[in-house]
Amino acid sequence: MIKQYELLDEDHNGNQLIQLTSKEYSGIIYTYGRVRLLEDDDQLRVQFEYDIHENPVGVLDQSKFRNHIGDIL
């Protein structure tokens with residue numbers, strides 16, 4: 001399996017910077033914010049916030065991108 005991300009140093013707030021290496025999102029650097037696990041009809045759902053710090057890709061399909069980094073999380 002090809003690694004889709006690499007961990008970088010922490011940002012000035014102590015958050016772990018993550019750089020995506022997958023072809024579609026290569027070079028995007030982001031951090032996760034608040035992460036919550038929610039139980040919904042006996043299923044566990046993850047709710048999270050994120051901040052993009054660098055985006056060399058340009059315009060993103062936000063829903064598709066969120067699913068991608070959600071899978072990484």
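In this predicted model, strand β1 (residues 5-10) and β2 run antiparallel and are joined by 4 bridges. One residue pair helps to place the two strands against each other: Tyr5 has Leu20 as its bridge partner in β2. Between the strands of this hairpin lie 5 residues, and Gly14 takes a positive phi near 85° there. A reader following the backbone can then move on from β2 to β3, since these strands pair as well. They too run antiparallel, with 2 bridges joining them. Here Ile18 is a useful landmark, with Tyr30 in β3 as its bridge partner.

Strand β3 spans residues 29-40, and Tyr32 is located within it. Is this tyrosine buried or exposed? Its relative accessibility is 16%, and because the cut-off for buried is under 20%, Tyr32 counts as buried. The surroundings of Tyr32 give a fuller picture. Leaving aside residues up to four places away in sequence, Tyr32 touches Ile18, Phe48, Glu49, Tyr50, Ile69, Ile72 and Leu73. Among these neighbours is Ile18, the residue whose bridge partner in β3 is Tyr30. Another pair worth locating in the structure is Tyr32 and Gln16, which are separated by 16 residues in sequence and by 7.8 Å from C-alpha to C-alpha.

Tyr32 also takes part in polar interactions. Its side chain makes a polar contact of 3.0 Å with the side chain of Tyr30. In addition, the side chain of Tyr32 reaches the backbone nitrogen of Leu73, at 3.4 Å. Leu73 is thus listed among the residues that Tyr32 touches, and its backbone nitrogen is the atom reached by the tyrosine side chain.

Attention now turns to charged side chains. How many salt bridges does a search of the whole structure find? The search returns 1 salt bridge. The partners are Lys64 and Glu24, whose closest N and O atoms are 3.2 Å apart. Lys64 belongs to helix α1 (residues 62-72), whereas Glu24 sits in the loop between β2 (16-20) and β3, so the pair ties together parts that are 40 residues apart in sequence. Both ends can be described by their accessibility. Lys64 has a relative accessible area of 43% and is partly exposed. Glu24, with a relative accessible area of 44%, is likewise partly exposed. For a reader tracing the chain, the loop that carries Glu24 lies between β2 and β3, the two strands joined by 2 bridges.

Notes
Residues numbered from 1 in each chain as written. Predicted model: local features only at pLDDT ≥ 70, side-chain atom pairs only at ≥ 80, totals over all residues. Heavy atoms only, no water. Buried < 20%, exposed > 50% of the residue type's maximum accessible area, 1.4 Å probe, protein only. Contact = heavy atoms within 4.5 Å. Polar contact = N/O pair within 3.5 Å; in protein donor to acceptor, adjacent residues only side chain to side chain. Salt bridge = Lys/Arg side-chain N within 4 Å of Asp/Glu carboxyl O. Pairing = 2+ DSSP bridges.
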